[in-house]
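Q: I'm new to this structure and would like a close look at a single part of it. Could you walk me through the part where the metal is held, and then show me what lies around it?

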Amino acid sequence: MDTRVDEIAERIYRLSTFLPGVGPSGLTFNQFLVDAEEPLLFHCGQRALYPAVSRAAARIMDLRRLRWVAFSHIEADECGALGEWLAVAPQATAAHGAIGCAIWLNDQAPRPPRALADGEVVDLGGRRVRRLDTPHVPHCWDAGLLYEETTGTLFTSDLFTHAGDPPAVTQGDLVGPAVAAEQAFHFTGVTPATGATIRRLAALRPRALAVMHGSSFAGDGGAVLGSLADFYDDLLRKGTPSI
Ligand SMILES: [Fe+2]
Ligand SMILES: [Fe+2]
C-alpha cells in the first residue's frame, strides 16, 4: 500500500491512498496536512492505512509537531486512526464540533478533545481554520467542515466524492463525477436543509476544495458548490431513489 503526497495549496498537503477494491473502480482515501506553527491533520484514515499514511506524513514533517487532529464526522475513514495519531503526537488535541464531542469524543478519545463552536476560528500560526457545522452534510449528525482562510481552501470531506484514482488536483468538471458517485452509492442523507447547507459553504467563495475521495479542485469553488446544491435540491424534489 502506497500513500502519495501532493501540495494542493501552499503548505497544504494531500496524503492519498488508492484502494482498488472499494466499489466498481476503486476509491482514494485522502487526508490533509496543514503545515503551520501548529500543524493540523484533517482526517485520520482507517487504522489499517495508518502505517502508510503516517510514513507519508513523516516525509513532510516530524509527526511529533502535530498539534491538532480534526475531521468531519465519526466514521472509520475520517477518524479511525485517531488513537494512533494522538499517540505519535503527544502535544496534539482532537478538535471537533460540540455535537461530536458530546456523542463520542468526550467518552472515547484518549485525551480530552477541544469542542469548536460553529464559526469558531483556530489560529494555527500562519494558517487559520474556521469550523463550520454542517449537520447531516454529507452525513452524520456531528458533521462539520473546516475552511482555511489564508489559502481559501475548504476541506469538503465526502462532498464531491468521486471514484477511481484521478489526478491530485483538477480544474475541470468536479460536479459530474460527484453526481455519478452519489447516484451509485447514495452516501448523502438528503434533507430539505442539504442545499442550503452547501450554499452557505459556496458563500465562502473558496479558491480550492480539498476533497476526501477523488481529486482536489482549484478554481471557483463557489460555483461548483452552487451546482452541487442545485443537484441535491433537484434530487429532493424528484424523490431520492430507493436503495
Ligand atoms: Fe463519510
Ligand atoms: Fe469519507
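A: Let's start with one residue and work outwards. Aspartate 77 has a relative accessibility of 11%, so it counts as buried, the cut-off being under 20%. Keep in mind that this is a predicted model, and the values here are all computed from it.

Aspartate 77 is one of the protein donors of the iron ion (ligand 2). The full set is Asp77 (OD), Glu78 (OE), Asp158 (OD), Met212 (SD) and His213 (NE2), and these lie 2.1 to 2.8 Å from the ion. If you want to find them along the chain, look for the spacing D-E-x79-D-x53-M-H. Glutamate 78 has a relative accessibility of 0%, so this donor counts as buried.

Now look at aspartate 158, because this residue bridges two metals, the iron ion (ligand 2) and the iron ion (ligand 1). The two ions sit 3.7 Å apart.

What holds the iron ion (ligand 1)? Its coordination comes from His73 (NE2), Glu75 (OE), His139 (NE2) and Asp158 (OD), at 1.9 to 2.2 Å. Along the sequence, these donor residues follow the pattern H-x1-E-x63-H-x18-D. What about the geometry? For reference, ideal angles at a metal are 109.5 degrees for four tetrahedral donors. Around the iron ion (ligand 1), the four donor atoms subtend angles of 86 to 167 degrees, and that makes the arrangement irregular. A tetrahedral site would need all angles between 85 and 135 degrees, so the upper value of 167 degrees rules that label out.

Two of the donors to the iron ion (ligand 1) can be set side by side. Histidine 73 is buried, with a relative accessible area of 0%. Glutamate 75, on the other hand, counts as partly exposed at 30% relative accessibility.

Next, the open space. The largest pocket has a volume of about 190 Å³. It is lined by 13 residues, and those closest to its centre are Leu27, Asp77, Thr161, Phe187 and His213. You've met two of those names already: Asp77 and His213 are both among the donors of the iron ion (ligand 2). The elements that give two or more residues to this lining are β3 (27-34) and α2 (76-79). By class, the pocket lining splits into five nonpolar, four polar and four charged residues.

There's an enclosed space too. The structure holds one cavity of 30 Å³ or more, and about 30 Å³ of space lies in the largest cavity. Which residues line the largest cavity? They are Leu40, Trp68, Ala70, Ala95, Leu116, Val122, Val129 and Leu146. Sorted by class, that lining has eight nonpolar, no polar and no charged residues.

Let's step back to the strands. Seven of them form an open sheet, in the order β8-β9-β10-β11-β13-β14-β12, with mixed pairing. At the edges stand β8 (121-123) and β12 (169-170), each with a single partner strand, so one side of each has no neighbour in the sheet. Within this sheet, β13 (residues 208-211) runs antiparallel to β14 (residues 216-218), and two bridges join them. In that pair, alanine 208 has alanine 218 of β14 as its bridge partner.

Strand β11 (residues 153-157) is also part of the sheet. Phenylalanine 155 has its place in β11, and at 0% relative accessibility it counts as buried. Phenylalanine 155 and serine 25 are 130 residues apart in sequence, and their C-alpha atoms are 24 Å apart in space.

Alanine 92 makes another good stop. This residue lies in the loop between α3 (82-88) and β6 (93-97), and counts as buried at 1% relative accessibility. Its C-alpha atom is 3.8 Å from that of arginine 67, with the two positions 25 residues apart along the chain counted as their separation.

Finally, go to the start of the chain. Strand β1 (residues 3-9) pairs with strand β2 (residues 12-19) in the antiparallel sense, over six bridges. Glutamate 7 stands opposite tyrosine 13 of β2. The two strands form a hairpin with two residues between them, and arginine 11 in the turn has a positive phi of about 65 degrees.

Methods. Residues numbered from 1 in each chain as written. Chains lettered and ligands numbered in written order. Predicted model: local features only at pLDDT ≥ 70, side-chain atom pairs only at ≥ 80, totals over all residues. Heavy atoms only, no water. Donors = N, O, S within 2.8 Å, 3.2 Å for Na, K, Ca; no water. Tetrahedral: all angles 85-135°; square planar, octahedral: opposite > 155°, others 65-115°. Buried < 20%, exposed > 50% of the residue type's maximum accessible area, 1.4 Å probe, protein only. 1 Å grid on protein atoms, 1.4 Å probe; cavity = no way out; pocket = protein on both sides within 12 Å on 5 of 7 lines; lining within 4 Å. Points joined across faces, edges and corners; volume = space filled by probe spheres on them. Helix = DSSP H or I, 4+ residues; strand = E, 2+ residues; numbered from the N terminus. Nonpolar A, V, L, I, M, F, W, Y, C, P; charged D, E, K, R; others polar. Pairing = 2+ DSSP bridges.
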